Amino acid sequence: MSKLIYLDAPVLGELEKKYLCEAVDTGYVSSVGRFVEDFEKRFSDYLGVKKSVSVQSGTAAIHISLYELGIKEGDEVIVPALTFVATANPVVYLGAKPVFVDIDPDTWNIDVDRIEERITERTKAIIPVHLYGNPADMERINDIAKKYGLYVVEDATESLGAKYRGRYTGTIGELGCFSFNGNKLITTGGGGMVVGRSEDRLDHIKYLVNQARDNRPEYYHSEIGFNYRMTNIEAALGIAQMERIDNLLEKKKIFNQIYREELKGPVRFQKEYKNAESSWWLTAVYIDRDIDIPELQKELSKRGIQTRRIFTPLVEFPMYRESRDKYPVSYDIYSNGLCLPSSPLNSEDDIFYVTKTLKEILR
Ligand SMILES: *Cc1c(COP(=O)(O)O)cnc(C)c1O
């Protein structure tokens with residue numbers, strides 16, 4: 001079996017080449033050129049928002065969002081215990097402290113019932129993550145935020161295209177952050193985007209990520225800025241990818257349906273909240289029996305099937321270390337969960353092959 005069944009590889013082709021060549025041919029490869037603006041416009045149109053600000057990565061998007069909201073030393077920010085480390089690190093960049101909350105066993109997103117017990121007078125924001133594309137319980141999160149006067153910054157880096165009550169994830173909190181890393185739904189090589197409720201805030205973020213350079217003929221800066229701009233080359237890729245987005249989402253959805261139908265019984269899947277529609281960026285399963293996940297991955301890998309472990313709970317790392325006992329659900333999902341091939345490069349037959357193989361191994 002020499003063929004590979006991909007976990008999360010991107011779809012790239014002639015469209016991407018066309019726009020990339022255009023960027024090179026025009027000489028606009030850096031932060032000037034038409035593609036950055038075009039990409040932001042297309043992204044805004046897709047989400048149904050007025051404005052989007054492109055940045056260098058999803059991590060940069062989260063960092064600049066928290067900075068814009070004034071998160072600083074001594075503040076606390078609520079973060080789910082099970083997520084990619086880049087949800088929490090930007091909190092620390094600002095001298096603030098991530099405060100972890102265990103996840104919900106059904107949706108694998110922040111357990112909303114446990115948020116309030118972690119709120120103190122220092123808490124300033126909540127960062128819900130829509131894990132693997134599955135929307136968090138935004139209505140209740142927004143209610144809690146309102147009650148305590150907190151900001152909500154959505155980590156929508158994994159959930160482009162997912163909806164909650166008919167609205168796209170990322171557009172529901174005060175600010176929303178996206179990533180275009182190579183493994184995300186669409187890619188620009190590396191990049192990110194910020195959207196939000198307030199156009200003034202987004203204008204200010206746009207200014208901050210360009211070194212806070214004032215609109216004056218001489219180089220003049222009235223505050224500390226960042227160099228977080230997306231380049232024209234990256235945006236060229238982004239435009240091509242936006243043309244594919246419906247197709248990419250459709251494939252992810254079909255793959256998820258196949259997994260659910262074929263793997264009934266031996267595994268459990270993430271559940272969606274009422275009125276939530278996951279983008280199924282990655283289909284992940286919880287294997288309901290005594291099995292060693294790394295061993296299972298080895299067996300699948302021998303048969304050409306790429307998989308990935310669930311994120312290690314952040315409280316396992318030296319910089320965020322806490323007792324495991326406080327986060328039983330995160331550790332349970334981490335220990336028994338697995339991400340299955342979800343790349344749109346795969347065919348439906350590939351996914352059937354995965355389910356057949358997985359059932360054979362689990363038998
Ligand atoms: C990918 C990801 C990020 C960071 O995005 P980058 O573009 O890689 O910086 C942040 N949070 C989560 C949950 C992610 O999956």
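In this short talk I will go through the two domains of this chain, the empty spaces in and around them, and a few single residues. Please keep in mind throughout that we are looking at a predicted model.

Let me begin with the overall layout. The domain assignment splits the chain into domain 1, which covers 14-101 + 111-242, and domain 2, which covers 245-362. If we take the C-alpha centres of domain 1 and domain 2, they lie 25 Å apart. There is also contact between the domains, with 35 residues of domain 1 touching 35 residues of domain 2.

Now for the spaces. Rolling a probe the size of a water molecule over the atoms shows where empty space is left. The largest pocket holds about 310 Å³ of space, and its lining is made of 16 residues, with Gly161, Leu249, Lys253, Glu277 and Ser278 lying nearest the centre. Which helix gives the most to this lining? That is helix H7, residues 232-262, which supplies seven residues. When we sort the lining of the largest pocket by character, we find seven charged residues, five polar ones and four nonpolar ones. Each of the two domains, domain 1 and domain 2, contributes at least three residues to the lining of this pocket.

Besides the pocket, the structure holds one cavity of 30 Å³ or more, and the volume of the largest cavity is about 40 Å³. Its lining counts 13 residues, and those nearest its centre are Ala9, Pro10, Val11, Lys184 and Leu185. By character, the lining of the largest cavity has seven nonpolar, three polar and three charged residues. Where does the largest cavity lie with respect to the domains? Because domain 1 and domain 2 both give residues to its lining, the largest cavity lies between them.

I would like to stay with Lys184 for a moment, as it is among the residues nearest the centre of the largest cavity. The UniProt record, an unreviewed entry, places the feature "modified residue: N6-(pyridoxal phosphate)lysine" at Lys184. In the model, Lys184 sits in the loop between strand S8 (175-179) and strand S9 (192-196). Is Lys184 buried or exposed? Its relative accessibility is 12%, and buried means under 20%, so Lys184 counts as buried. Leaving aside neighbours within four places in sequence, Lys184 is in contact with Thr157, Glu158, Ser179 and Trp281.

A second residue in a loop is Ser343, which we find between strand S14 (337-339) and helix H10 (348-362). Ser343 is buried, with a relative accessible area of 0%. Again leaving aside neighbours within four places in sequence, the contacts of Ser343 are Tyr6, Leu7, Asp8, Ala9 and Phe255, and Ala9 is also one of the residues nearest the centre of the largest cavity.

Finally, a word on the backbone. Most residues other than glycine have a negative phi, and most peptide bonds are trans. Against that background, Tyr132 has a positive phi of about 55 degrees although it is not a glycine. Tyr132 belongs to the loop between strand S4 (123-126) and helix H5 (138-148), and it is buried, with 0% relative accessible area. Trp280, also not a glycine, has a positive phi of about 50 degrees. The loop that holds Trp280 runs between strand S11 (276-277) and strand S12 (284-287), and with a relative accessible area of 8%, Trp280 is buried.

Technical notes: Residues are numbered from 1 along each chain as its sequence is written. This is a predicted model: local features need pLDDT of at least 70, side-chain atom pairs count only at pLDDT 80 or more; totals for chains, interfaces and linings use all residues. Side-chain values use heavy atoms; hydrogens and water are left out. On a 1 Å grid over the protein atoms alone, a cavity is a set of points where a 1.4 Å probe fits but cannot get out, and a pocket is an open set with protein on both sides within 12 Å along at least five of seven lines; lining residues have an atom within 4 Å of a point. Grid points are joined across faces, edges and corners, and a volume is the space filled by probe spheres set on the points. Helices (H or I, at least four residues) and strands (E, at least two) are DSSP runs, numbered from the N terminus. Ala, Val, Leu, Ile, Met, Phe, Trp, Tyr, Cys and Pro count as nonpolar, Asp, Glu, Lys and Arg as charged, and the others, Gly among them, as polar. Domain bounds come from an automatic or database domain assignment. UniProt positions are given in the numbering used here, feature names are shortened, and annotations may be inferred rather than shown by experiment. Buried means under 20% relative accessible area, exposed over 50%, partly exposed in between (1.4 Å probe, protein chains only). Contact means heavy atoms within 4.5 Å.
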